[in-house]
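Got the viewer open? Let's take a walk through this one together, one selection at a time.

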Amino acid sequence: MDALNPKSSQPAAASFPVAKVITDVPKQDGIFDYAVPKQLQGKLHPGSLVAVPFGNDYLQGVVVDLCRTSDIKVLREILSLIDPEPVITSAQIALGRILADRTLTPFGICVNMLLPVKIRRCSYAEYRLGSG
């Protein structure tokens with residue numbers, strides 16, 4: 001795969017109905033499985049910026065892998081593709097994995113660190129305590 005063209009050898013999402021997505025929500029390694037809806041099949045690639053449901057809210061996330069199956073029985077669907085061009089390359093995703101392995105830092109944190117600053121700033125979730 002060409003590091004400058006992350007789409008070069010990646011099969012279309014139509015063959016891979018599950019996307020592994022990283023959000024900025026802390027969880028073991030920060031990866032969540034989402035179903036790829038029909039309207040996005042063939043349009044997602046590793047590095048794609050997507051909107052995903054999370055709890056009662058919506059977050060942006062980065063697709064880090066596409067696969068055929070998931071261990072999760074019922075998956076929520078990706079809501080939309082935010083940018084038609086991947087925001088990070090497959091090489092950067094691989095670098096995030098190496099950083100996570102060598103520094104014992106969650107993979108999601110390492111990948112989010114590699115995102116362009118303007119995209120990263122948009123991705124922070126805000127949590128507030130409500131009354132009642």
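Start by selecting helix 1 (residues 90-103) and helix 2, which pack at an angle of about 135° with their axes 8 Å apart. Keep in mind that you are looking at a predicted model. Angles from 115 to 145 degrees count as oblique, so helix 1 and helix 2 are oblique to each other. Helix 1 passes helix 2 in a right-handed crossing.

Now show the side chains where the two meet. On helix 1, pick Gln 92, Ile 93, Leu 95, Gly 96, Arg 97, Leu 99 and Ala 100; they meet Phe 107, Cys 110, Val 111, Met 113 and Leu 114 of helix 2. Colour this contact by class and you get 9 nonpolar, 2 polar and 1 charged residues.

Zoom in on Met 113, which sits in helix 2 (residues 107-114). Is Met 113 buried or exposed? Neither, quite: Met 113 is partly exposed, with a relative accessible area of 48%. Try a C-alpha to C-alpha distance from Met 113 to Gly 96: they are 8.4 Å apart in space and 17 residues apart in sequence.

Next stop, the largest nonpolar core. It has 15 residues, and those touching the most other members are Ala 19, Val 21, Leu 44, Val 50, Val 52, Leu 66 and Ile 78. Strand 1 (18-22), strand 2 (31-35), strand 3 (49-54) and strand 4 (57-67) each supply at least two residues of this core, and the largest share, 3 residues, comes from strand 4.

Click on Ala 19: beyond its neighbours within four places in sequence, its contacts include Phe 32, Tyr 34, Val 63, Leu 66 and Ile 78.

Last, select Ile 31, Val 87, Ala 100 and Leu 115, which are among the 14 residues of a second, separate core.

Methods. Residues numbered from 1 in each chain as written. Predicted model: local features only at pLDDT ≥ 70, side-chain atom pairs only at ≥ 80, totals over all residues. Heavy atoms only, no water. Helix = DSSP H or I, 4+ residues; strand = E, 2+ residues; numbered from the N terminus. Buried < 20%, exposed > 50% of the residue type's maximum accessible area, 1.4 Å probe, protein only. Core = buried A, V, L, I, M, F, W, Y, C linked by side-chain atoms within 4.5 Å. Contact = heavy atoms within 4.5 Å. Axes fitted to C-alpha atoms, helices over the stretch in contact; angles between N-to-C directions. Parallel < 35°, antiparallel > 145°, perpendicular 65-115°, else oblique. Left-handed = near helix turned anticlockwise from the far one by under 90°. Nonpolar A, V, L, I, M, F, W, Y, C, P; charged D, E, K, R; others polar.
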